[in-house]
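Please go through this protein chain with me at the bench level. The interest here is in charged pairs, strands, a helix and empty space.

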Amino acid sequence: MHITVVGGGVIGLLTAVESVLAGHRVTVVEQAALPNAAAASADRHRIIRALHLGDGGATTAAARAHRRWIELEKTLYTRFYDRVGALSVLPEDQIVPAVSLLGYAGVWSRVLRGADLAERYPMLSFAPDATAVLEREAGVLLADRVLRGCLGWLRWQPTVGFVTHQPVRAIDPAAKAVNLADGTVLTGDAVLVAAGAWSRDLLPPSVANRLTLYRQSMLYCDVDDERAWSTLAAMPSLGGPQRRWLVPPVAGTPLKLSAHSACRPVSAIDDHDTDAAWREHLLDAFAPLIPALRGDWVTAARDCYYLADDVSGGALAARLGDQVVAYAACGGTSFKFAPLIAEALVRCADGSLAEMPAVPTVTVVDADRPIDVVPPEGDRQ
């Protein structure tokens, strides 16, 4: 088959990789350069972990995604997964369910309490009665290396073509056609749309109207002692009213700080600058956890955009027509599950599956009829 992939972020590029591995020809269409620095998936690093409290399907799938990322390192001849572990700070009554859930998914975990946390992470200040679960089979994906690795591999494939600096104006599901801004019409046997935060412009109103655009602020910091911080695990859940999370400084990357409280709905994609008020909000949120944190640690700040389904709060996949599928990205949740999502999209588009398979945290809809809704996680870790 000849598959047209719209979008050059992690979902689009991994979908192209999976298409080639399945024996298909691929054309990747991107509105800017590849990789696109403004894409939702363009960043230094992202968290991957298995634990999804109360959701055995998502936890098991995340463990499978962990293994698939390791396989992709071999396929793409690129190292991009730093398995430093992942720490989730949880209330005491959630510790046993969390450990049990991880055990069910085949994931090793260890419980750490106040004294353990203080000894293991002396640069952080946890409450004396804090409790946490540490996953060993988890860590940090170097996002920019993932994108470059996909691109480098795809450019060596004789069955792959690229169309860059060409915005897509419309998708014609009936004709399986992609209409470009310069008037060019690309046709093929299937179309996969993975345009990230810009997806709403290409979707029918029945789908686009249930998606909300969010903007999230993040801080990037240089730490005062890289050797000490090199032992830090990824921390996707740090508790508190702000629902903080951090990505440790691995492989030369900065410490990344953000929180769910720094996400807010917006009407349009604007600049990527972070207002001073949001910088201060995040600094205040992390001050109790990182006593040494100062404003001059912040070397960069960036606002990013993602879409979320109004019904479930997470990502959405939509069948627009026969072998025409669209995926609207949802922050770091999409990045973590990207290999599984890409495989599902290709199998749906090439007809090897009659319906888009259920992927945890992804709502699957028909352009005219909603199907099953699976509660997601959200946020851009």
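What follows is a short tour of this predicted model.

## Salt bridges

How many salt bridges does a search of the whole structure find? The search gives 16. The table shows three of these pairs.

| Pair | Closest N to O distance |
|---|---|
| R46 and D43 | 3.9 Å |
| R136 and E137 | 3.8 Å |
| R210 and D309 | 2.8 Å |

Take R46 and D43 to begin with. Their side chains meet in a salt bridge. R46 has a relative accessibility of 1% and therefore counts as buried, since the cut-off is under 20%. D43 stands at 8%, so D43 counts as buried too.

R136 and E137 form another bridge. Are these two residues buried, exposed or partly exposed? R136 has 46% relative accessibility and counts as partly exposed. E137 is also partly exposed, at 33%. Both values fall between the limits of 20% and 50%, which means that neither residue is classed as buried or as exposed.

Now R210 and D309. A salt bridge joins their side chains. This pair links distant parts of the chain, 99 residues apart. R210 sits in the loop between α6 (205-208) and β14 (211-221). D309 belongs to strand β19 (residues 298-309). Both residues are buried.

Some charged residues go beyond a pair. R215, R264, D271 and D303 are linked in a network of salt bridges.

## Strands and sheets

Strand β1 covers residues 2-6. Five of its five residues are buried, so the strand is mostly covered. H2, T4 and V6 point one way from β1. I3 and V5 point the other way. Residues on both sides are buried.

Which strand pairs with β1, and in which sense? The partner is β2 (residues 25-29), and the pairing is parallel over five bridges. Within this pairing, T4 of β1 has T27 as its bridge partner in β2.

Further along comes an open sheet of three strands. The order is β10-β11-β12, with antiparallel pairing. Why do β10 (168-172) and β12 (185-187) each have one side without a neighbour in the sheet? They stand at the edges and each has a single partner strand, so one side of each is left without a neighbour there. Neighbouring strands of this sheet are turned by 20° against each other on average, direction ignored.

β11 (residues 177-180) and β12 run antiparallel and are joined by three bridges. V178 has L186 as its bridge partner in β12.

The loop between β9 (160-163) and β10 holds P167. P167 counts as partly exposed because its relative accessibility is 25%. The C-alpha atoms of P167 and P97 are separated by 47 Å, and the two residues are 70 apart along the chain.

## Helix α10

Helix α10 runs over residues 338-349, twelve in number. From first C-alpha to last it reaches 16 Å, close to the 16 Å expected at 1.5 Å a residue. Is this helix mostly covered or mostly uncovered? Mostly covered: ten of the twelve residues are buried. Among them are P339, L340, I341, L345, V346 and C348. The buried set also includes alanines, such as A338, A342, A344 and A349. In general, an α-helix has 3.6 residues a turn, so residues three or four places apart point the same way. Just after α10, G351 takes a positive phi of about 85°.

## Pockets and cavities

The second largest pocket has a volume of about 400 Å³. Its lining has 29 residues, and the closest to its centre are Q31, A194, A195, G196 and W198. The elements that give two or more residues to this lining are α1 (10-21), β10 and α9 (331-336). α9 gives the most, with three residues.

How many cavities of 30 Å³ or more does the structure hold? There are two. The largest cavity contains about 50 Å³ of space. Which residues line this cavity? The lining is made of A38, A39, A40, A197, W198, I269, H272, C304 and Y305. W198 therefore turns up in two places: close to the centre of the second largest pocket and in the lining of the largest cavity.

Notes: Residues are numbered from 1 along each chain as its sequence is written. This is a predicted model: local features need pLDDT of at least 70, side-chain atom pairs count only at pLDDT 80 or more; totals for chains, interfaces and linings use all residues. Side-chain values use heavy atoms; hydrogens and water are left out. A salt bridge is a side-chain nitrogen of Lys or Arg within 4 Å of a carboxyl oxygen of Asp or Glu. Buried means under 20% relative accessible area, exposed over 50%, partly exposed in between (1.4 Å probe, protein chains only). Helices (H or I, at least four residues) and strands (E, at least two) are DSSP runs, numbered from the N terminus. Two strands pair if DSSP finds at least two bridges between them. Axes are lines fitted to C-alpha atoms, for helices over the stretch in contact, and angles run from 0 to 180 degrees between N-to-C directions. The expected span of a helix is 1.5 Å times one less than its number of residues. On a 1 Å grid over the protein atoms alone, a cavity is a set of points where a 1.4 Å probe fits but cannot get out, and a pocket is an open set with protein on both sides within 12 Å along at least five of seven lines; lining residues have an atom within 4 Å of a point. Grid points are joined across faces, edges and corners, and a volume is the space filled by probe spheres set on the points.
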